Amino acid sequence: MGGALSMRKKDPATPRSAYQRGIDLLARREYSQRELCQRLAARGHDASEAEAALGELTAHNYQSDARYAEMLTRGRAAQGYGPRRIRMELAAQGITRARAQAVMDALDHDWAQAAADLLRRRYGASLRTADGRARAAQFLLRRGFDAATVRSATRTELDEAADGDD
């Protein structure tokens, strides 16, 4: 019965400290300080206790806004989101503009190529029509790509489609 896979039961009478809850949350994934503070508050910890726990978690390098920003940026870029959308999401999570810019610069991502690849996968032959290009352009803008990248990607896809007709 007491095998290697026995589960440790939590005692419901013993409340978990904000620090312990922070550790539990961070064991699953990275959180920004703002997001972690909100999660702790939602679990009934007062602001001073949550702030003290965050200070300790950060001091032990269990929580890092820099690490969170890198994780979020890499993940969103891989999902096909553009730099504007990623910066907005970082700002919403309390990441400073300077840190967000540093992470974006360090990413070394070819946004124009990413936009063109995304259009090729999602729209394919429909890019040959003006309506298809307009839908594709709106899609890229919603995804957070800037207007110059959108123009370049839709024009590139149009040029490649025209070359394929020869």
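Gln113 is partly exposed, with a relative accessible area of 38%. This residue is found in helix α7. The C-alpha atom of Gln113 lies 9.1 Å from that of Thr149, and 36 residues separate the two along the chain. The model is predicted. The protein chain holds 9 helices and 0 strands.

**The chain as a whole**

- Read from the N terminus, the elements run α-α-α-α-α-α-α-α-α.
- The protein chain has 166 residues, and buried residues make up 34% of them.
- Take the contacts between residues at least 6 apart in sequence: 62% of these join residues at least 24 apart.

**Helices α5 and α6**

- Helix α5 covers residues 83-92, and helix α6 covers residues 97-107.
- Their axes come within 10 Å and cross at roughly 140°.
- That angle makes α5 oblique to α6. The cut-off matters here, because only angles over 145 degrees count as roughly antiparallel.
- The crossing of α5 with α6 is right-handed.
- On the α5 side, the contact involves Pro83, Ile86, Arg87 and Leu90. On the α6 side, Ala100, Gln101 and Met104 take part.
- By class, this contact of α5 with α6 has 5 nonpolar residues, 1 polar residue and 1 charged residue.
- Which residue is the charged one? It is Arg87 in α5, because Arg counts as charged.
- The polar one is Gln101 in α6, because Gln falls outside the nonpolar and charged lists.

**Helices α7 and α8**

- Helix α7 spans residues 111-122, and helix α8 spans residues 130-143.
- The two axes come within 11 Å, crossing at roughly 130°.
- This makes α7 oblique to α8.
- Helices α7 and α8 cross in a right-handed way.
- From α7, Ala115, Leu118, Leu119 and Arg122 meet residues of α8. Their partners in α8 are Ala136, Phe139, Leu140 and Arg143.
- The contact of α7 with α8 divides into 6 nonpolar, no polar and 2 charged residues.
- The charged residues are Arg122 in α7 and Arg143 in α8, because Arg belongs to the charged class.

**Gln63, in the loop between α3 and α4**

- Gln63 sits in the loop between α3 (47-59) and α4 (65-78).
- Is Gln63 buried or exposed? Gln63 is buried, because its relative accessible area is 1% and the cut-off for buried is under 20%.
- The side chain of Gln63 makes a polar contact with the side chain of Thr58, at 3.2 Å.
- Leaving aside residues up to four places away in sequence, Gln63 touches Leu26, Tyr31, Ser32, Gln33, Leu36, Leu57 and Thr58.

**Two residues with positive phi**

- Asn61 has a phi near 60°, a positive value in a residue other than glycine.
- Asn61 is placed in the loop between α3 and α4.
- Asn61 counts as partly exposed, because its relative accessibility is 49% and exposed means over 50%.
- Asp108 has a phi near 55°, also positive in a residue other than glycine.
- Where is Asp108? Asp108 lies in the loop between α6 and α7.
- Asp108 is exposed, because its relative accessible area is 71%.

Key. Residues are numbered from 1 along each chain as its sequence is written. This is a predicted model: local features need pLDDT of at least 70, side-chain atom pairs count only at pLDDT 80 or more; totals for chains, interfaces and linings use all residues. Side-chain values use heavy atoms; hydrogens and water are left out. Axes are lines fitted to C-alpha atoms, for helices over the stretch in contact, and angles run from 0 to 180 degrees between N-to-C directions. Helices (H or I, at least four residues) and strands (E, at least two) are DSSP runs, numbered from the N terminus. Angles under 35 degrees count as roughly parallel, over 145 as roughly antiparallel, 65 to 115 as roughly perpendicular and the rest as oblique. A crossing is left-handed if the near helix is turned anticlockwise from the far one by less than a right angle, and right-handed if clockwise. Contact means heavy atoms within 4.5 Å. Buried means under 20% relative accessible area, exposed over 50%, partly exposed in between (1.4 Å probe, protein chains only). A polar contact is a pair of N or O atoms within 3.5 Å; within protein, one must be able to donate a hydrogen and the other to accept it, and residues adjacent in sequence count only if both atoms are side-chain atoms.
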